[in-house]
Every structure is written in structure tokens, then in C-alpha cells.
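Visitor: I'm new to this one and would like a walk through it. Could you show it to me and then take my questions one at a time?

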Amino acid sequence: MKAVSVALLLLALLVSVHKTEKSFENHKEKNVSKQEALNESQLLTMQDTFSSQAEDLARRKKNEERGHQLYKMSNKILKHSKSKKEKEEAYQLLTEAADMGHLKAMEKLAAALLFGYHGPQNITAAVILYETLAEKGSHKGQTLQALGFMFSYGIGMEYNQAKALVYYTFGSLGGNLISQMILGYRYWVGINVPRNCEAALTNYRKVAYFIANKLEKNEEMPVEKVRLMEKSENLSSNNDFLDWDVHQYYKFLAERGDTQIQKAFYYFLKAAKAGNTHGMAFLGKMFLEGSVAVTQSNASAFKYFTMAAEKNYTEAFKYFHIAAEKGLADAQFQLGVMYHSGSGVRKDYKLAFKYFYLASQNGQPIAVYYLAQMYAAGTGVFRSCQNAVELYRSVCELGSWSEKFLTAYFAYQDGNIDSSLIQYALLAEMGYEVAQSNSAFILESEQVKILSNDQMYPLALLLWNRAAAQGNAFARVKTGDYHFYGYGTKKDYVTAAIHYSLAVDHHIAQAMFNLAYMYEHGLGIPEDIHLAKRWYDLAAQTNPDASIPVFLARMKLEVKLLFSEMQLFKQFTSSWKMSKLDTVLRPHWDLFALVVIVILLVLLIRNR
């Protein structure tokens with residue numbers, strides 16, 4: 001019986017185990033089915049994601065290609081067209097390219113919006129574009145330089161010189177030439193950085209090297225810099241100029257003179273026949289472009305460019321020397337190059353310096369670059385960081401960015417005051433004195449809309465001061481005026497007197513008159529009637545236009561002296577009534593005396 005019970009128990013256990021195993025297998029099968037379904041779902045999701053990403057990538061690539069095409073089309077139109085309508089069309093294409101994310105198109109469009117090129121100026125949109133470009137890593141173009149510029153003036157941004165310096169520094173490290181030029185100027189004069197000639201030299205040298213290469217290829221042309229406060233009254237529209245680039249080109253040739261071109265052709269032809277590569281290259285260029293001396297000929301140009309590989313420096317030197325003695329700048333420059341490199345002559349740095357100097361004095365810009373190099377390295381001359389910087393800087397200022405002087409002037413003439421200001425202000429930031437004066441002149445005209453009223457006079461004072469530091473005597477007087485009247489700063493008679501005193505060294509009648517007035521009234525300097533009389537007289541001698549104001553001021557001064565000597569003031573103040581009258585008149589005594597003088601003059605004229 002026990003055996004039967006055990007058998008039944010084992011049988012029940014086996015059945016239970018079998019059911020458990022079957023249940024486990026069923027559960028396992030269900031889990032496998034779920035996993036397979038999950039895997040299949042994930043696979044489909046991944047396939048959809050990859051497909052979507054591939055479509056986005058293809059769409060982006062297509063947009064990039066289309067954006068690049070539009071950008072190229074825009075540049076082509078801008079390069080070859082002069083009409084306003086065509087340029088507007090070009091900028092429309094540029095806008096489409098920028099919308100497609102083309103970085104260079106975005107940079108160019110941002111500049112157009114900032115400077116107001118061929119369309120409405122929009123500072124806010126320009127700021128958004130530049131900030132977007134900065135986020136995308138567009139650090140090697142104009143982006144950081146533009147952001148630094150806006151921070152420097154508070155245009156569309158807060159006024160923050162520290163941030164401006166940071167952006168300029170990174171822009172310079174990224175190879176931006178304008179940033180390098182701005183930093184060169186800042187280190188040269190000490191704007192928000194300690195003055196550092198070597199740092200200025202490093203920055204200016206990089207830019208000058210680039211410009212010198214352009215000048216050798218004749219890709220840079222001199223541009224006229226118009227002073228707004230000195231412009232003719234009848235110069236009121238763009239029609240007063242030829243198309244600016246044609247005008248500048250012929251002006252440049254006219255300044256050299258037709259006779260000079262013919263002489264240059266004669267002597268360079270001899271040098272070329274002697275086998276000099278520079279002479280051959282010069283002749284090739286003359287034949288390629290055509291001039292009053294030679295008829296344009298591509299075949300002749302090719303011939304001389306091909307011959308340039310051959311050399312015979314001894315004969316070439318002879319003809320260059322003859323031409324140099326006759327004052328031809330290019331020949332003087334070539335002699336400098338030959339002495340500098342020892343080509344055909346014994347290397348002589350002192351003679352090289354001599355001929356580079358002569359050529360530079362006769363308007364040869366590449367000779368200026370060579371002089372800067374020699375001063376920077378101390379080759380053939382004592383090393384001078386200051387001289388090197390000044391020379392490098394003059395080469396830098398020949399860069400294509402100086403074309404903004406003309407576009408800024410045209411904008412001013414057309415009444416686009418904000419556009420004109422932005423362009424002049426960038427040039428001012430780069431250290432151009434004329435641009436600093438013009439920017440200040442526009443700011444104090446109170447026609448600017450892109451800056452708040454409380455920004456105008458402080459910025460104008462800043463710019464007048466920078467122009468004055470570069471030797472502009474008129475700007476020095478304006479700086480004195482701002483301190484005298486308290487424009488953009490607190491009234492400071494002492495500082496005003498200092499600026500007027502500096503300006504009189506340049507024989508400025510206005511400064512002499514102002515200094516005389518300050519001596520007369522003891523404003524910022526001790527009262528001294530005799531010095532006042534002296535400066536009034538000098539003002540009249542310096543500028544005949546000052547004769548009448550000086551006459552009136554002297555008459556007033558004489559009346560004051562007369563009253564002082566007769567001790568009338570003491571007599572008047574002895575009585576209560578007259579002391580009260582004196583209290584009323586004293587603050588306006590000069591005006592009262594002036595009125596009396598005018599009345600006396602009128603009576604004299606009537607009785608003649």
C-alpha cells in the first residue's frame with residue numbers, strides 16, 4: 001500500500017513538473033514573439049530616422065549648392081554692373097543665398113545691412129546675422145571685426161570697449177586684415193591698451209605685406225579723401241564726379257603726367273632690351289593696358305612677359321640710373337631693389353635706402369614698404385620702430401577699404417547720413433584721420449538716427465580728440481570748444497586752454513582768439529589783459545577774416561581797461577544803488593560794453 005502511495009506521489013510530481021515546463025516554454029515563446037516584434041519596431045524606427053536624416057542631408061546639400069550658385073551670381077553682377085537696379089538685383093540674390101545658410105552670403109548681406117549698401121540700412125538685422133555667424137564659427141571673415149566695431153561705437157550694441165578689443169583680437173588671430181589694422185592703430189596710440197610700438201609694428205606689417213603685393217600687381221589705386229567741412233558749397237550731387245573708379249584712375253595718371261609715362265617707356269624699353277626682368281614686366285604691363293606712350297597690344301605684352309625670365313642686369317642698371325637721375329620714381333625704385341638684392345651690382349643697403357627714399361618722395365608706394373622693412377630690421381639704417389610703423393601704416397592706408405571714403409561721401413551727398421557715418425566710423429576706427437574728423441562732423445550735425453542723443457557728443461569728442469592727436473589743428477580747436485562749453489563732457493576751462501594753446505602752434509586764428517578771451521576773463525588761466533591784447537592782435541594778423549571780431553573785442557577790452565584805470569568801479573560801488581546796478585551788470589559786463597561800442601560805431605558811421 002505504501003508502495004502504491006509513493007508511486008502515485010511521484011506520478012503527480014512528474015505531471016506538475018511537465019506542466020511547469022510547458023508553461024515556461026509557452027511564456028518563453030511569448031517573450032520571444034514580443035522581443036521580435038520590438039526589434040522589428042525599433043528597426044523600422046531606425047530606418048525612418050536614417051531615411052529622414054538622409055533626406056535632410058540631401059536637402060541641405062542641395063540648398064548649399066543652390067546658395068553657392070546664387071552667391072556666385074550675385075558677386076558676378078556686383079563686379080560687372082554699375083546701375084542701381086542691377087545692384088539691387090544682386091543683393092536680392094545674396095539675400096536668398098543667405099536664407100539658405102551660405103556663410104559668405106550671410107557675411108556680405110550683414111555688411112550691406114550695416115553700411116546701407118544698395119538698400120535700406122537695418123542695424124538690428126545686421127546684428128542678428130553677425131551673432132548667428134559667430135555662433136556658427138565664422139571667425140575668419142569679417143564677423144568678429146564687425147562685432148568689435150559695433151561694440152566700439154555702441155551701434156546696435158552696448159558701448160563696450162573691452163568687448164570690442166576682445167573681438168578685434170580674435171579677428172586678428174583669424175587673419176582679418178581690418179582687425180589687424182585696427183589693433184595696430186590701438187597699440188600705436190594706446191586706445192584701451194598700453195602703448196606698444198612693437199605690437200603695433202607686428203600688426204601693421206602683416207597688413208602692409210598684403211597691400212604691397214597688391215600694389216606690385218597694380219590692384220590698389222589711390223583714393224581721394226574729401227573733408228566734409230572743407231567741401232565746396234556747390235558740390236551737391238554725385239553728378240559732380242565721374243564714375244568714381246574711372247575718375248580716380250585717370251586722376252592717378254594725370255598726377256604722374258603724360259610726359260613721365262613716355263620717359264618711363266623709353267628708359268624701361270632700354271632696360272628691357274638689356275635683359276632686365278623688371279623692365280620687361282613693366283613694358284608688358286604698359287602694352288597690356290595701353291597708354292599715351294604705347295598702343296595696347298596683347299601680343300607685345302605677352303612677348304615682354306615671356307622675355308622677363310632672361311637677365312642682363314649690368315646694362316639694365318645703366319638705363320635705370322639714367323632714368324633715376326631724371327627723377328623717375330619707378331626707376332629709382334628699381335635701382336633700390338637692385339642695390340638691396342645685389343642684382344647686377346654689389347649689394348649696398350645704404351644706396352638701396354637712398355633710392356627707396358627718393359622713390360618714396362616721388363610717390364612710389366612700394367618703395368615706402370621697402371623703407372619700412374629696412375627700418376623694422378635695421379638694414380642699412382638704425383632700427384626705428386616708430387619710423388617703421390609710420391611707413392607701414394601709410395602703405396596700409398592704400399588698401400581697397402579706402403574706397404569707403406568715396407561711397408561714404410556719396411551717401412552723405414545723397415542724404416543717407418547714417419550710412420555715411422557708419423562707413424566713415426569704420427575708417428576712423430582703422431586710424432584714418434580724415435575719417436575721424438568727418439565722423440565727428442556728422443555726429444555733431446545732430447542728423448544721425450542710429451545713435452541716441454546722449455551718445456552723439458561724447459563720441460564726437462572722442463573722434464575730434466583722436467584727429468587732433470594726429471595733427472589736425474582744427475580738430476584740436478574743436479576739442480577745446482567741447483571742454484569749454486561742456487559738450488559731451490564736463491566744463492573744464494583748464495583743459496580747453498591747453499588745447500587752444502596747442503592749436504595756436506599751428507597758426508589757427510580761432511584758437512588765438514579763444515585763448516585771448518580766456519586770458520581776458522581768467523578762465524582756466526590767470527587773468528592777463530596784456531596777453532589777451534597780444535593774442536587778439538595775433539589772431540587778426542593770422543587771418544584777415546578775424547579783423548572785425550578782434551576789433552570789437554579790443555574795443556571792449558579798452559573800455560574795460562579805461563574803467564579800471566579811472567577806478568570808476570570803486571566810485572560806483574560806493575553807493576548802494578550803483579552797487580546794486582553793478583551786481584546786475586557784472587555777469588554780462590562784456591555784452592554791455594559790446595552794445596555800447598556798436599552804438600558808438602553806428603553813430604560814427606551816420607555822422608560821416
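**A cavity and its surroundings**

Visitor: Let's begin inside. Which helices each supply at least two residues of the lining of the largest cavity?
Guide: Keep in mind that this is a predicted model. The lining of the largest cavity draws at least two residues from each of a pair of helices. One spans 417–429 and the other 453–469, so by the numbering of helices from the N terminus their names are helix H19 and helix H21.

Visitor: Which residues line the largest cavity?
Guide: From the stretch 417–429, helix H19, come Leu-421 and Ala-425. From 453–469, helix H21, come Leu-459 and Leu-463. Put together with the others, the lining reads Tyr-153, Ile-155, Leu-421, Ala-425, Leu-443, Leu-451, Leu-459 and Leu-463.

Visitor: By class, how many residues of that lining are nonpolar, polar and charged?
Guide: Ala, Leu, Ile and Tyr are counted as nonpolar, so every name in the lining goes into that class. The tally by class is no charged, no polar and 8 nonpolar residues.

Visitor: What volume does the largest cavity have?
Guide: The count of cavities of 30 Å³ or more comes to 1. As for the volume of the largest cavity, the value is about 30 Å³.

Visitor: Is Ser-439 buried or exposed?
Guide: Ser-439 sits in helix H20, residues 433–443. Beyond its neighbours within four places in sequence, Ser-439 is in contact with Leu-421, Tyr-424, Ala-425, Ala-428 and Leu-463. Its relative accessible area is 0%, and because buried means under 20%, Ser-439 is buried.

Visitor: Which backbone oxygen does the side chain of Ser-439 reach?
Guide: Ser-439 belongs to helix H20. Its side chain comes to 2.8 Å from a backbone oxygen, and that oxygen belongs to Ala-435.

**The disulfide**

Visitor: Which residues form a disulfide?
Guide: The structure holds 1 disulfide. Its sulfur atoms are 2.0 Å apart, and a pair of cysteine sulfurs within 2.5 Å counts as a disulfide, so the link is the one between Cys-197 and Cys-385.

Visitor: How many residues apart are Cys-197 and Cys-385?
Guide: Cys-197 is in helix H8, residues 197–216, and Cys-385 is in helix H17, residues 385–396. The pair links distant parts of the chain, with a separation of 188 residues.

Visitor: Is the link of Cys-197 and Cys-385 left-handed or right-handed?
Guide: Look at the angle about the S-S bond, which is -115°. With that value, the link of Cys-197 and Cys-385 is left-handed.

Visitor: Does Cys-197 count as buried, exposed or partly exposed?
Guide: Its partner Cys-385 has 11% relative accessibility, so Cys-385 counts as buried. Cys-197 has 23%, and because the partly exposed range runs between 20% and 50%, Cys-197 is partly exposed.

**Loops and a helix near the start of the chain**

Visitor: Which residue's backbone oxygen does the side chain of Ser-402 reach?
Guide: Ser-402 is in the loop between H17 and helix H18 (404–413). With 2% relative accessibility, Ser-402 counts as buried. The backbone oxygen that its side chain reaches, at 2.8 Å, is that of Gly-399.

Visitor: Is Glu-446 buried or exposed?
Guide: Glu-446 is in the loop between H20 and H21. Its phi is positive, about 60°, although Glu-446 is not a glycine. The relative accessible area is 55%, and because exposed means over 50%, Glu-446 is exposed.

Visitor: Where is Asn-192 found?
Guide: Asn-192 has a phi near 60°, a positive value in a residue other than glycine. At 48% relative accessibility, Asn-192 counts as partly exposed. Its place is the loop between helix H7 (177–189) and H8.

Visitor: What distance separates the C-alpha atoms of Ala-98 and Gly-67?
Guide: Ala-98 lies in helix H2, residues 84–99, and is buried at 8% relative accessible area. Ala-98 and Gly-67 are 31 residues apart along the chain, and their C-alpha atoms are separated by 7.1 Å.

**The whole protein**

Visitor: How many helices and strands does the protein have?
Guide: Of its 608 residues, 42% count as buried. Among contacts with a separation of 6 or more, 55% come from residues 24 or more positions apart. The secondary structure comes to 0 strands and 29 helices.

Definitions and conventions
Residues are numbered from 1 along each chain as its sequence is written. This is a predicted model: local features need pLDDT of at least 70, side-chain atom pairs count only at pLDDT 80 or more; totals for chains, interfaces and linings use all residues. Side-chain values use heavy atoms; hydrogens and water are left out. On a 1 Å grid over the protein atoms alone, a cavity is a set of points where a 1.4 Å probe fits but cannot get out, and a pocket is an open set with protein on both sides within 12 Å along at least five of seven lines; lining residues have an atom within 4 Å of a point. Grid points are joined across faces, edges and corners, and a volume is the space filled by probe spheres set on the points. Helices (H or I, at least four residues) and strands (E, at least two) are DSSP runs, numbered from the N terminus. Buried means under 20% relative accessible area, exposed over 50%, partly exposed in between (1.4 Å probe, protein chains only). A polar contact is a pair of N or O atoms within 3.5 Å; within protein, one must be able to donate a hydrogen and the other to accept it, and residues adjacent in sequence count only if both atoms are side-chain atoms. Contact means heavy atoms within 4.5 Å.
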